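Student: Got a minute to go through this fold with me? I'd like to start with strand pairing and then look at the cavities.

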Amino acid sequence: MKLFGKKKDKNNPPPQPQEPPQPPKSPIQLAFEKNLKFLNQESYPKEFFEGLFTENNRQKLFTVGEADFPTGEVVIADPLVYLGTKYQTVLERQIPKGSYPVELSILYSETAGLRIAAARLKIKDEKAVSYIRGESRVNPDGKRPFCFMGVDAGVACFTDLQAAEEYDGFIRKWHGENPDKNHYDDYFAKYFAESYEKFPQIQREGGDFIQWKLPDSENRLIMFASGLGDGMYSGYWGENEKGEITELVIPFLNPELF
């Protein structure tokens with residue numbers, strides 16, 4: 001017995017099931033996506049960096065304190081996840097040994113709320129005339145340099161390589177003494193909370209920045225929230241007309257997008 005079904009019409013195929021319409025994206029989602037595309041370019045005009053550190057009715061500048069560089073080898077990293085590990089970013093260029101102020105550009109945005117738009121390590125008290133993205137130094141395993149700092153805990157920092165190694169030792173010892181605890185919740189959170197109590201107008205509840213000393217050497221490092229949180233960020237060297245380093249800037253947000 002033959003079975004007869006509907007003959008397929010090649011010219012008029014049956015309608016395909018359609019995906020349900022996606023809800024419209026919120027303003028913060030749209031701004032976040034545009035910001036991701038904007039970050040980590042090889043270069044920006046100096047006016048962009050100047051705008052990050054110009055006070056206006058939406059942006060305020062705040063100097064957290066000084067970071068110590070006993071060797072001049074600069075590290076940018078997420079201090080809660082990568083600092084002191086092989087995944088931290090050790091920049092190829094070095095700065096003179098010393099202590100340097102860390103300044104934050106704090107953005108008041110209707111879209112994103114109060115956020116840190118950028119952080120700056122000020123090395124010379126003079127203006128930069130150009131900026132170049134910093135590369136990491138060549139690792140002992142010979143991997144090619146890269147230009148990014150990974151953030152997985154919403155926090156970044158400027159510090160020295162020696163201080164980073166000390167920090168790793170401190171964290172290992174702390175976890176050995178506190179095996180069931182978390183080094184943010186059970187140690188650093190109180191320092192961020194104290195920072196908020198001291199400067200509540202320029203950071204979110206719970207705290208967005210601290211200056212912290214390593215217990216043994218008392219080398220200082222500065223930790224700060226990274227814009228909207230986790231992601232990949234680059235450091236940019238500001239140079240004077242002689243090509244000398246005047247500052248190191250990490251942009252987290254383009255204020256014009258928020």
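Student: Which residue in β10 stands opposite F158?

Tutor: I222 does. Keep in mind that this is a predicted model.

Student: How many bridges hold β8 and β10 together, and in what sense do they pair?

Tutor: There are 4 bridges, and the pairing is antiparallel. β8 covers residues 155-160, and β10 covers 220-225.

Student: What sheet do they belong to, and what's the strand order?

Tutor: An open sheet of 5 strands, antiparallel in its pairing. Read across, the order is β3-β2-β8-β10-β9.

Student: Why do β3 and β9 each have one side without a neighbour in that sheet?

Tutor: They stand at the edges, β3 at 89-94 and β9 at 209-213. Each has a single partner strand, so one side stays without a neighbour. From one strand to the next, the twist averages 20°.

Student: Which helices lie across these strands?

Tutor: Helix α3, residues 161-177, lies across β2, β3, β8, β9 and β10. The angle of α3 to β8 is about 120°. Helix α4, residues 184-198, lies across β8, β9 and β10. For α4, the angle is about 125° to β9.

Student: OK, the other sheet. What's the order there?

Tutor: β1-β4-β5-β13-β12-β6, which makes 6 strands in an open, antiparallel sheet. The edge strands are β1 (59-69) and β6 (130-133), each pairing on one side only. Neighbouring strands are turned by 25° against each other on average, direction ignored.

Student: How many bridges join β4 to β5?

Tutor: 8 bridges, linking residues 98-109 of β4 with 113-122 of β5. One to look at is Y108, whose bridge partner in β5 is L114.

Student: Switching topic. How many cavities of 30 Å³ or more turn up?

Tutor: 2, searching the whole structure. The largest has about 70 Å³ of space, and the second largest has about 30 Å³.

Student: What lines the largest one?

Tutor: Residues including F32, L36, L39, M232, Y233 and F252. Both α1 (27-38) and β11 (231-233) supply at least two lining residues each. By class, the lining has 8 nonpolar, 2 polar and 1 charged residues.

Student: And the second largest, which residues and how many charged?

Tutor: F38, L39, N40, Y44, F48, S234, Y236 and P251 line that cavity. None is charged; the lining has 6 nonpolar and 2 polar residues. Notice L39, which lines the largest cavity and the second largest.

Conventions
Residues numbered from 1 in each chain as written. Predicted model: local features only at pLDDT ≥ 70, side-chain atom pairs only at ≥ 80, totals over all residues. Heavy atoms only, no water. Pairing = 2+ DSSP bridges. Axes fitted to C-alpha atoms, helices over the stretch in contact; angles between N-to-C directions. 1 Å grid on protein atoms, 1.4 Å probe; cavity = no way out; pocket = protein on both sides within 12 Å on 5 of 7 lines; lining within 4 Å. Points joined across faces, edges and corners; volume = space filled by probe spheres on them. Nonpolar A, V, L, I, M, F, W, Y, C, P; charged D, E, K, R; others polar. Contact = heavy atoms within 4.5 Å.
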